[in-house]
Amino acid sequence: MYYAILAYHAEGVVESWTEEEDAALMTDLLKVNDRLVREKHLGPAARLGPTKGAVTLRGKGDGIVTDGPFAETKEELLGFYVVDFPTLDDAVAAARDLRRVNPTAVYEIRPVSLYLPGAPLETRDEG
């Protein structure tokens, strides 16, 4: 069964970290990531860009595009993992491993009802 582990954090806190603090956290998170890859539990994972670059599409017909993230919360969705475990308890255990490394983050674990693996993402030059 696939589960999404959604990583929430106060964006201002994350943006206040020095490059060294951010790099240290990413090193520790990648240790969990690498273990999940070795155990063949990890699918796509992404660190999302700042919410100030996000827009939301909602409404009838073509919808209306508004600036910013889609929800009013204390934390913003800053990244996600797709994991493959037989039970929700196993997915929660993986999220706990991530939280041990990043204890101020909030992790939401949600079953994924449809997962379509895609082509690798490529960096595109926006010039």
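# Exercises on a predicted fold

In strand 6, Val106 is the bridge partner of Tyr8. Keep in mind that the model is predicted. Let's work outwards from this pair.

**Exercise 1.** Work out how many bridges join strand 1 to strand 6, and in which sense the two strands run.

*Solution.* Start from the pair Tyr8 and Val106, the latter in strand 6. Counting along the two strands gives 6 bridges between strand 1 and strand 6, and the strands run antiparallel.

**Exercise 2.** Find the order of the strands in the open sheet, then explain why one side of strand 2 and of strand 6 is left without a neighbour.

*Solution.* First, place the strands: 4 of them form an open sheet in the order 2-5-1-6, with antiparallel pairing. Next, look at the ends of that order: strand 2 and strand 6 (106-111) are at the edges and have a single partner strand each, so one side of each has no neighbour in the sheet. Finally, check the twist: neighbouring strands are turned by 20° against each other on average, ignoring direction.

**Exercise 3.** Determine which strands helix 2 and helix 3 touch as they pack on the sheet.

*Solution.* Take helix 2 to begin with: it touches strand 2, strand 5 and strand 6, and its direction makes about 165° with that of strand 2. Then turn to helix 3 (residues 88-101), which touches strand 1, strand 5 and strand 6; the direction of helix 3 makes about 160° with that of strand 6.

**Exercise 4.** Identify the salt-bridge partner of Arg47 and say which parts the pair ties together.

*Solution.* With N and O atoms within 4 Å as the criterion, the count comes to 6 salt bridges. One of them links Arg47 to Asp22, whose closest N and O atoms are 2.6 Å apart. Arg47 belongs to strand 2 and Asp22 to helix 2, so the pair ties together parts 25 residues apart in sequence.

**Exercise 5.** Describe the lining of the largest pocket.

*Solution.* Begin with the space: the largest pocket holds about 500 Å³. Its lining has 25 residues, and Met26, Ala46, Arg47, Leu78 and Gly79 lie nearest the centre. Now trace the elements: helix 2 gives the largest share, 5 residues. Sorting the lining by character yields 17 nonpolar, 5 polar and 3 charged residues.

**Exercise 6.** Characterise the hairpin of strand 3 and strand 4.

*Solution.* Strand 3 (residues 55-58) and strand 4 (residues 64-67) pair antiparallel over 4 bridges. Across them, Arg58 stands opposite Ile64 in strand 4. The hairpin has 5 residues between its strands, and Gly59 in the turn shows a positive phi of about 105°.

How values were computed
Residues numbered from 1 in each chain as written. Predicted model: local features only at pLDDT ≥ 70, side-chain atom pairs only at ≥ 80, totals over all residues. Heavy atoms only, no water. 1 Å grid on protein atoms, 1.4 Å probe; cavity = no way out; pocket = protein on both sides within 12 Å on 5 of 7 lines; lining within 4 Å. Points joined across faces, edges and corners; volume = space filled by probe spheres on them. Nonpolar A, V, L, I, M, F, W, Y, C, P; charged D, E, K, R; others polar. Pairing = 2+ DSSP bridges. Axes fitted to C-alpha atoms, helices over the stretch in contact; angles between N-to-C directions. Contact = heavy atoms within 4.5 Å. Salt bridge = Lys/Arg side-chain N within 4 Å of Asp/Glu carboxyl O.
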